[in-house]
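Here is a quick tour of a protein chain for anyone meeting it fresh. Have a look at the sequence and the model, then read on.

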Amino acid sequence: MKLFLIGLEEVDTVVKELKKKLKKFDNECIVILRGDLASGKTTFVKNFVKSLGDKELVTSPTFSLQSVYNNNIFHYDVYNKSLDEFIALGMLEEFEKEGIHFVEWGDEKLEGLLKSYGFNVMLLEIEKKDDKRQYILNG
């Protein structure tokens, strides 16, 4: 577990740490992002994609459920979907695609299911602390 208490402008510190950890999984991993509304989940993904030199517009896939960047960065938002709905939409199969998968609002049930299928799963919890953010990176 790694803990960071930083301003949003310093989020690259957490991005660098995540990239180091992803190397042990050969960049094949599911990163579950947890945090309250407006805590910075999508901002984190934006900074991650930007760190790869990709200039794609990163937005929250709340209504589209999934966005794909650079052909191997997948971004999901399951805020208004239950686990059963997510499975019924065939989204579990998406995790078999090579790359890094960011899942906003993934709960403990999804995390457990993914681990039971043998996926590499990391958890990034983001919490607002006044004018800073606390990032806890597990995995």
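A charge sits over a ring if NZ of Lys or CZ of Arg is within 6 Å of the ring centre and within 35 degrees of the ring normal. That is the case for Lys41, whose charged end sits over the ring of Trp105 at 4.1 Å from the ring's centre.

## How far to trust the model

Keep in mind that this is a predicted model. The chain has a mean pLDDT of 91, and 99% of its residues come in at 70 or more. Going element by element, strand 2 (residues 29-35) gets the highest mean pLDDT, 97. At the other end of the scale is helix 3 (residues 83-88), with the lowest mean, 86.

## Strand 7 and its partners

Start with strand 7 (residues 132-138). Of its 7 residues, 5 are buried, so the rest of the structure largely encloses this strand. Strand 1 (residues 2-6) pairs with strand 7 in the antiparallel sense, over 5 bridges. To find a spot where they meet, look for Leu3, which stands opposite Ile136 of strand 7.

Strand 6 (residues 121-129) also runs antiparallel to strand 7, and 7 bridges join the two. Here Leu124 has Leu137 in strand 7 as its bridge partner. Strand 6 and strand 7 make a hairpin with 2 residues between the strands, and Asp130 in that hairpin takes a positive phi near 55°.

## Rings that meet

How many aromatic pairs does the structure hold? There are 8 aromatic pairs. One of them is Phe44 with Phe102, an edge-to-face pair with 6.3 Å centre to centre and 65° between the planes. This pair links distant parts of the chain, with Phe44 in helix 2 (residues 41-51) and Phe102 in strand 5 (residues 100-104), 58 residues apart. Phe44 has a relative accessible area of 0%, so it is buried. Phe102 is buried too, with a relative accessible area of 0%.

Tyr76 and Phe86 form another edge-to-face pair, 6.3 Å centre to centre with 80° between the planes. Tyr76 belongs to strand 4 and Phe86 to helix 3, and the two are 10 residues apart. Tyr76 has a relative accessible area of 0%, which makes it buried, and Phe86 counts as buried at 1%. Ring pairs also build a cluster, linking Phe44, Phe48, Phe102 and Tyr135.

## His75, tucked inside

Now find His75 in strand 4 (residues 73-77). Is His75 buried or exposed? The cut-off for buried is under 20% relative accessible area, and His75 is at 0%, so it counts as buried.

Its side chain makes a polar contact of 3.5 Å with the side chain of Tyr69. Leaving out residues up to four places away in sequence, His75 touches a long list of residues, including Thr42, Val45, Val58, Pro61, Leu65, Phe102 and Glu104. Phe102 is a name you have met already, as a member of the ring cluster.

## Ala38, out in the open

For a contrast, try Ala38, in the loop between strand 2 and helix 2. Exposed means over 50% relative accessible area, and Ala38 has 58%, so it is exposed.

Which residues does Ala38 contact, leaving aside neighbours within four places in sequence? They are Lys128 and Arg133. Ala38 and Val78 are 40 residues apart in sequence, and their C-alpha atoms are 15 Å apart in space.

Notes. Residues are numbered from 1 along each chain as its sequence is written. Side-chain values use heavy atoms; hydrogens and water are left out. pLDDT is the predictor's confidence in each residue, from 0 to 100. Helices (H or I, at least four residues) and strands (E, at least two) are DSSP runs, numbered from the N terminus. Buried means under 20% relative accessible area, exposed over 50%, partly exposed in between (1.4 Å probe, protein chains only). Two strands pair if DSSP finds at least two bridges between them. A polar contact is a pair of N or O atoms within 3.5 Å; within protein, one must be able to donate a hydrogen and the other to accept it, and residues adjacent in sequence count only if both atoms are side-chain atoms. Contact means heavy atoms within 4.5 Å. Rings of Phe, Tyr and Trp (its six-membered ring) pair if their centres lie within 6.5 Å; planes under 30 degrees apart count as stacked, over 60 as edge-to-face and the rest as tilted.
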